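Colleague: Could you take me through one part of this model up close? I'd like to see how one helix fits in with what surrounds it.

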Amino acid sequence: MSIFGENLQEIMNSRKLSGNELAKIAGVSQMAISRLNRSEPTFKTAVRIADALQLSLDYLAGKEVEPIFIPPKEWEINFYDNLVSFLETQNIPKRHLCYALNYSTACFTLWKNGALPLFSTLIEISNYLDCSIDKLIGRTNWELHIRYIWWKKHKNKHKKRQNSRFLCL
């Protein structure tokens, strides 16, 4: 089972949702839900499921241990513009990203023309850029992204402090 499928199954069990119910809520086919037991979702399926469950794609993809709530909002998938904007703010040329991840620069042309990356590609890019998947595709704003980065940097310190408190008792 894929990590996405495992995390999704855990959420479905905790919310007492069947595959049919989730498919209806997310606007995807029952087949798409059952396929998640064997493989990663498509970009659009992952986004629809995350939107329906109001969860971060980072949690569903296994990048985060705890579920992160994403409040519903109207948004439009504009992967290319979000990626280019993020690269520019980090002063990373497109060719560096392509070289580092062994992608063709033609990918940028495809994405600019509206093609969406594979979900696994999206995970690779967000890992390389050390940013949340949700920020990369525009599901969250900068404020939530900055909180995500802060939490990511400080979660290990917090765990160490908690563990040392228990050792002192």
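Modeller: Here is a walk from the whole chain down to helix H6 and a residue that touches it. First, this is a predicted model, where local features need pLDDT of at least 70, side-chain atom pairs count only at pLDDT 80 or more, and totals for chains, interfaces and linings use all residues. Residues are numbered from 1 along each chain as its sequence is written, and side-chain values use heavy atoms, with hydrogens and water left out.

The protein has 11 helices and 0 strands (DSSP runs, H or I of at least four residues for helices and E of at least two for strands, numbered from the N terminus). Of its 169 residues, 40% are buried, meaning under 20% relative accessible area with a 1.4 Å probe, protein chains only.

Now for H6, which covers residues 79–89: its buried residues are Phe79, Tyr80, Leu83, Val84, Phe86 and Leu87. Looking down the axis of H6, they fall within an arc of 160°, so they line one face of the helix (the arc is that of the directions from the helix axis to the C-beta atoms). Just after H6, Asn91 has a positive phi of about 55°.

What does Leu129 touch, leaving aside its neighbours within four places in sequence? Its contacts (heavy atoms within 4.5 Å) are Leu83, Phe86, Leu87, Ile92, Leu97 and Leu136. Leu83 and Leu129 turn up again in the largest nonpolar core, which has 44 residues: along with Ile49 and Ile125, they have the most contacts inside it. Such a core is a set of buried Ala, Val, Leu, Ile, Met, Phe, Trp, Tyr and Cys residues joined through side-chain atoms within 4.5 Å.

Methods: Buried < 20%, exposed > 50% of the residue type's maximum accessible area, 1.4 Å probe, protein only.
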